[in-house]
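Subject: Structure for you to look at

Dear colleague,

I am handing over the structure below, and I would be grateful if you could open it before reading on. My notes on what was found in it follow underneath.

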Amino acid sequence: MSFLEILNQYAYPGVRDQIEAATGSDVERALSREHPDVRDLAALLSPAAASYLEPLARKAHSLTVQRFGRNILLYAPLYLSNLCSNGCRYCGFSAENRLARRTLNPAEIQREARILYDQGFRHVLLLTGEAPESVDDAFIAAAVRQVKPLFSSIGIEVYPMEVAAYRQMVEAGVDALTLYQETYDRELYAELHPFGRKRDFDWRLAGPERGGAAGLRRIGIGSLLGLGDWRTEGFFTALHGLYLGKHFWRSQLTIGLPRIRPADGGFQPLHPVSDPQMVQLICALRLLLPDAGLVLSTRESAALRDNLIPLGITQMSAGSCTAPGGYGEAEEGGRQFAIDDERSPETVAATIRAQGYEAVWKDWDAAFLSRAF
Ligand code: SF4
């Protein structure tokens, strides 16, 4: 059974009501269980659980240390292009926005990659919009092959692909896929994606499964926080994660927690998520998915990022630029969104170490693959 078939068994408003209705005793039961189930998840995400943030945080912290040690993996995004034919209402790269469009050439890709390498990064995430006429599978695979000698791990956050194209990415050197559903609410999804290939909710939803089938070693999912109701989005994200963990157990699951930031187009969050709610979401996800990597980007402030380290976060970006070519130049191409934590990678690493954690630049090498699989 695909995850689409599972998702179709749930009604988004019904799940939201179930979460809203959870009581303090439901939360206490969920907290007392060694292996919480989806009913417990609803309780942990509920308004009632806001009064239990301390025990929730303690449990999330202890599970994270048990499974991951005191380690935070650092990675950097590298934007290859900001061309996009989609009209996502919340994104600076939307085709409806007028911004300087740019696709990096091989020399520019090399320069950007080298800057990140020299900063210490060995994990890189390559990003593009969706512009199939110029930024296609072959372009992305060529970029991967080009930067491969510099990085031990290469992720892609691009448009959803066919299994064969994901296999082509694996062959080129990609080990990690990030593909956020943005929202699991079909109606809202249709409103926010008025045109372009991204309108196809089902095709996108099945993308992580196709990535798993192609043998990608890490699969990243998530909702864009601020679009749908964060509690219900958290529920479906965890459900999706449980499904992927069961069917693609050879791949590590990661969950991103991107919260909407100011961007061209001026989109405002429909359901803002406060910092304490962010904490609750992270802790609930950790309790349900103890082995999932939880990823926090520079969308969040330095202070919040520092505070979230002990609660369950395992990966962080640092020193990020969201414009193609922006590491080597003064953001010549338009950026996707404004970042908040503007500290240098070394400062972020020093802050992580000051909290008694290891800042990890490289946690995996492709050479391990033949032994692990
Ligand atoms: S979110 Fe992605 S697909 Fe949508 S407009 Fe932005 S870059 Fe394009």
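**The parallel strands and their crossovers**

Strand β2, helix α7 (residues 137–147) and strand β3 together make a right-handed β-α-β unit. Please keep in mind throughout that this is a predicted model. Five bridges join β2 (residues 123–127) to β3, and the two strands run parallel, with His-123 standing opposite Ser-153 of β3. On its other pairing, β3 is joined by two bridges to β4, again in a parallel arrangement, and here Ile-156 has Leu-177 of β4 as its bridge partner. A right-handed β-α-β unit is also made by β3, helix α8 (residues 163–172) and β4. Strand β3, which spans residues 153–157, is mostly covered, since four of its five residues are buried.

**Helix α8**

Within α8, the buried residues are Ala-165, Tyr-166 and Met-169. They cover an arc of only 100 degrees around the helix axis, and therefore lie on the same side of α8. As for what this buried side meets, the buried residues of α8 pack against α7, β3 and α11 (207–213), so that α8 is in contact both with a strand of its own β-α-β unit and with the helix of the other one. Just after α8 comes Gly-173, which takes a positive phi of about 130 degrees.

**Glu-182**

A positive phi is also found at Glu-182, where the value is about 75 degrees although the residue is not a glycine. Glu-182 is found in the loop that lies between β4 (176–178) and α9 (186–192). Is this loop residue buried or exposed? Glu-182 has 23 other C-beta atoms within 10 Å, and because the cut-off for a buried residue is 20 or more, Glu-182 counts as buried.

**Helix α2 and Trp-230**

In helix α2 (residues 12–21), the buried residues are Tyr-12, Val-15, Gln-18 and Ile-19. These cover an arc of only 125 degrees around the axis, which puts them on the same side of α2, whereas the face turned away from that buried side carries the exposed residues Pro-13, Gly-14 and Asp-17. The buried residues of α2 pack against α4 (38–44) and α12 (230–247).

Helix α12 is also where Trp-230 is found. Trp-230 counts as buried because it has 24 C-beta neighbours inside 10 Å. Leaving aside residues up to four places away in sequence, Trp-230 touches Leu-225, His-271, Val-273, Gln-277 and Leu-281. In the same region of the chain, Pro-272 is 42 residues from Trp-230 in sequence, while the C-alpha atoms of the two are 8.3 Å apart in space.

**The surroundings of the ligand**

Which residues surround the ligand? The shell is made up of Cys-84, Asn-86, Cys-88, Cys-91, Phe-93, Ser-94, Gly-129, Glu-130 and Lys-198. By character, the residues of this shell divide into four nonpolar, three polar and two charged, with Glu-130 and Lys-198 as the charged ones.

With best wishes

Methods:
Residues numbered from 1 in each chain as written. Predicted model: local features only at pLDDT ≥ 70, side-chain atom pairs only at ≥ 80, totals over all residues. Buried ≥ 20, exposed ≤ 12 C-beta atoms within 10 Å, placed from the backbone. Arc of directions from axis to C-beta. Contact = placed C-beta atoms within 7 Å. Near = placed C-beta within 6 Å. Pairing = 2+ DSSP bridges. Right-handed = clockwise from strand over helix to strand, strands pointing away.
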